[in-house]
Amino acid sequence: MNEVGQRFLTTQKELGIITDLDPHKTGDPNGLLLLSCGDADISCGLLDHVRELTGSSRIHQISVNGGALNLAQGSPLPRRRSYAITGIQLMHEIAEACRLKNLTKVAICAHSQCGAAHACGLSEAQAMEWAVRGKFDLRKFFEENGLAAPICSMMHVRWKDRGPRLYFLDARRYAEHHRLAA
Ligand SMILES: [Zn+2]
């Protein structure tokens, strides 16, 4: 990740847009669905993080390059693929998993630096915006389809000086600060 990206993420941390996750706050006795990037550099550690934070080992994982960045309508990630896994397909996949496994919590994760986002030419700032838009679009989809599961946005950051960290991404706070319509 370049200096500009590191500075942007540091500022979001200072603004309280990305915050440390409280252990078990994201947890649920039924386990949870996790949408994340399949990037091998984060996926192993990410599952350990999520298990530790949620206190649940029952994690139904859906991995696709870019993770949460794929969900929003208009996201450049699905658009650049010829085989087209669309955001709406992923939303249906998430909804089906929730119904099949009676999962009552959904965590959607983006990470920095993500190769799939980088391949689309997205900066860290642009990637975070797509992660937030993805949460809003998924919440709308849930409402339209009668799903009540809360959605938790997460951001995994590989800092140059601090190593990997997993954060809660506060979409509402992001939208207020960056004037993004929810
Ligand atoms: Zn990635």
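**Exercise 1. Find which residue stands opposite Leu-33 in β4, and describe how the two strands pair.**

*Solution.* Start from Leu-33 in this predicted model. Across from Leu-33, in β4, stands Val-106. Next, look at the strands themselves: β2 covers residues 32–36, and 3 bridges connect β2 with β4. These two strands run parallel.

**Exercise 2. Work out the strand order of the sheet, and say which strands stand at the edges.**

*Solution.* Begin with the order, which reads β1-β6-β5-β4-β2-β3. The sheet has 6 strands, is open, and shows mixed pairing. Now check the ends: β1 (18–20) and β3 (59–63) each have a single partner strand, so one side of each lacks a neighbour in the sheet. To finish, follow the twist from one strand to the next, where the average is 35°.

**Exercise 3. Take strand β5 and determine how many of its residues are buried, and how β5 pairs with β4 and with β6.**

*Solution.* Let's go one side at a time.

- Burial: β5 spans residues 151–159, and 7 of its 9 residues are buried, so the rest of the structure largely encloses this strand. The cut-off here is 20 or more other C-beta atoms within 10 Å.
- The β4 side: β4 (residues 106–112) pairs with β5 over 7 bridges in the parallel sense. A pair to look up in your viewer is Ala-110, which stands opposite Met-155 in β5.
- The β6 side: β6 (residues 163–169) runs antiparallel to β5, with 6 bridges between them. Here His-156 has Leu-166 of β6 as its bridge partner.
- The connection: β5 passes into β6 through a hairpin of 3 residues.

**Exercise 4. Compare the span of helix α6 with the expected value, then list its buried residues.**

*Solution.* First, the length: α6 (residues 124–144) has 21 residues, and the distance from its first C-alpha to its last is 30 Å. At 1.5 Å a residue the expected value is 30 Å, and the helix comes close to it.

Second, the burial: the buried residues are Glu-124, Ala-127, Met-128, Trp-130, Ala-131, Val-132, Arg-133, Gly-134, Lys-135, Phe-136, Leu-138 and Phe-141. When you read such a list, remember that an α-helix has 3.6 residues a turn, so residues three or four places apart point the same way.

Third, the exit: just after α6, Gly-146 adopts a positive phi of about 70°.

**Exercise 5. Locate Asn-102 and Arg-179, two residues other than glycine with positive phi, and decide whether each is buried or exposed.**

*Solution.* Asn-102 lies in the loop between α4 (87–101) and β4, and its phi is about 55°. Asn-102 counts as exposed because it has 9 C-beta neighbours inside 10 Å.

Arg-179 belongs to the segment after α7 (171–178), with phi near 55°. Its 6 C-beta neighbours inside 10 Å mean that Arg-179 also counts as exposed. The cut-off for exposed is 12 or fewer.

**Exercise 6. Identify the residues joined by a cis peptide bond, and place Gln-113 in the chain.**

*Solution.* The bond links Ser-112 and Gln-113, with omega at about 0°. Gln-113 sits in the loop between β4 and α5 (115–119).

**Exercise 7. Say where confidence is lowest and where it is highest.**

*Solution.* Take the whole chain first: pLDDT averages 89, and 92% of the residues score at least 70. Then go by element: helix α2 (residues 40–54) is lowest with a mean of 78, while α6 is highest at 97.

Key. Residues are numbered from 1 along each chain as its sequence is written. This is a predicted model: local features need pLDDT of at least 70, side-chain atom pairs count only at pLDDT 80 or more; totals for chains, interfaces and linings use all residues. Helices (H or I, at least four residues) and strands (E, at least two) are DSSP runs, numbered from the N terminus. Two strands pair if DSSP finds at least two bridges between them. The expected span of a helix is 1.5 Å times one less than its number of residues. Axes are lines fitted to C-alpha atoms, for helices over the stretch in contact, and angles run from 0 to 180 degrees between N-to-C directions. pLDDT is the predictor's confidence in each residue, from 0 to 100.
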